[in-house]
Amino acid sequence: MESNFTPKDAYLSHFKPRTYLETYYTLAPNPSKEDQILKFILRKMAEIFCPDKMKGDLLIEVGSGPTIYQFLSACEIFKEIVATDYAEQNLEEINQWLKKEPGTFDWSPVVKYVCELEGDREKWTEKKEKLRQKLKQLLKCDVTQSQPLGSVSLPQADCLLSIYCLETACKDLPTYQQALKNISSLLKPGGTLVLFSVLKGHYYMLKDYKFSILPLTPEEIKDALEKAGFECDKSEVIPRNYDKAHVNHDGIIIWVGRKLK
Ligand code: SAH
């Protein structure tokens, strides 16, 4: 049977970084469902990436998209952060932010919010600079390949992060399970995996373009993680949803665990 699942090359031609950022990441003065979820995720990130609980030199993220919000707490811990994505235009959007090119997406409201959470709202310009220094590499990646970074070789990470990538990159459960094994190669044995996924998703919208999501239950995700050699420290199902006009899904899972030695 032919699959209708969005093929990865549609990400190259149809994933518009600015549309994505403006739909999901603007923190508008009149809070939307998107804003509430973003703030919730930032609070979770501040808890997970708390210097008392987590240590390490290198964090690698797979499927970063065009966003940097996910590194704002982590940049207080890791010496080096590597962002990756299948679509080069997303890496280019981050690169423009790193280089402070005029007209790039304004992350200031998000950075200020994180600084407030961390208890020092004055230091937001400093935090931006810290992240700019720590975000050292932007690399092409394909989670469906056994070597997701191709011929690029990096030390294995102390922490591997992935948010809403695998369920959008994998057309079925076997592909999802294999992708977890593929990305596991980027993480040190004993290293921490932080995974955020939408649950029971079908699609999300970028203006009029529909991108597929693999519908997954918490049990399927946990089972796939276990089969890929990860052990759970903490997982939480969050009964929150994005605006129905933007994402069709039923909740979010946050899963933190370790790659078994
Ligand atoms: N992590 C970001 C973006 C999620 S959108 C956020 O928190 O908003 C899903 C991302 O997965 C897109 O940026 C898309 O380009 C990327 N992606 C899709 N297929 C992929 C693949 N096979 N390998 C790596 N990344 C992929």
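This passage goes through the two largest pockets of a predicted model and the ligand that it holds. Because the model is predicted, local features need pLDDT of at least 70 and side-chain atom pairs count only at pLDDT 80 or more, while totals for chains, interfaces and linings use all residues. Residues are numbered from 1 along each chain as its sequence is written, and side-chain values use heavy atoms, with hydrogens and water left out.

To start with the space itself, the largest pocket holds about 690 Å³. A pocket here is an open set of points, on a 1 Å grid over the protein atoms alone, where a 1.4 Å probe fits, with protein on both sides within 12 Å along at least five of seven lines; lining residues have an atom within 4 Å of a point. The volume is the space filled by probe spheres set on the points, which are joined across faces, edges and corners. Its lining runs to 39 residues, and Tyr11, Tyr164, Cys165, Thr168 and Ala169 are the closest to the centre. Helices H1 (8-14), H2 (17-24) and H7 (166-169) are the elements that give two or more residues each, with H7 supplying the largest share at 3 residues. (Helices are DSSP runs of H or I with at least four residues, strands are E runs of at least two, and both are numbered from the N terminus.) By class, this lining splits into 22 nonpolar, 11 polar and 6 charged residues; Ala, Val, Leu, Ile, Met, Phe, Trp, Tyr, Cys and Pro count as nonpolar, Asp, Glu, Lys and Arg as charged, and the others, Gly among them, as polar.

The largest pocket is also the space that the ligand takes, going by the rule that more than half of a molecule's atoms lie within 2 Å of the grid points. Around the ligand sit 21 residues, with Tyr20, Tyr25, Gly63, Tyr69 and Asp85 coming nearest (a heavy atom within 4 Å counts as near). This shell has 13 nonpolar, 6 polar and 2 charged residues. As for polar contacts (N or O pairs within 3.5 Å), polar side-chain atoms of Tyr25 and Asp85 each lie 2.6 Å from a ligand oxygen, and a polar backbone atom of Gly63 is 2.8 Å from a ligand nitrogen. On its own the ligand has 570 Å² of accessible area, and the protein covers 99% of that (Shrake-Rupley, 1.4 Å probe).

The second largest pocket comes in at about 240 Å³. Strand E8 (230-238) is among the elements that supply at least two lining residues, and E8 gives the most, with 4. This lining has 4 nonpolar, 1 polar and 6 charged residues, including Lys44, Glu47 and Asp233.

Definitions and conventions: Polar contact = N/O pair within 3.5 Å; in protein donor to acceptor, adjacent residues only side chain to side chain.
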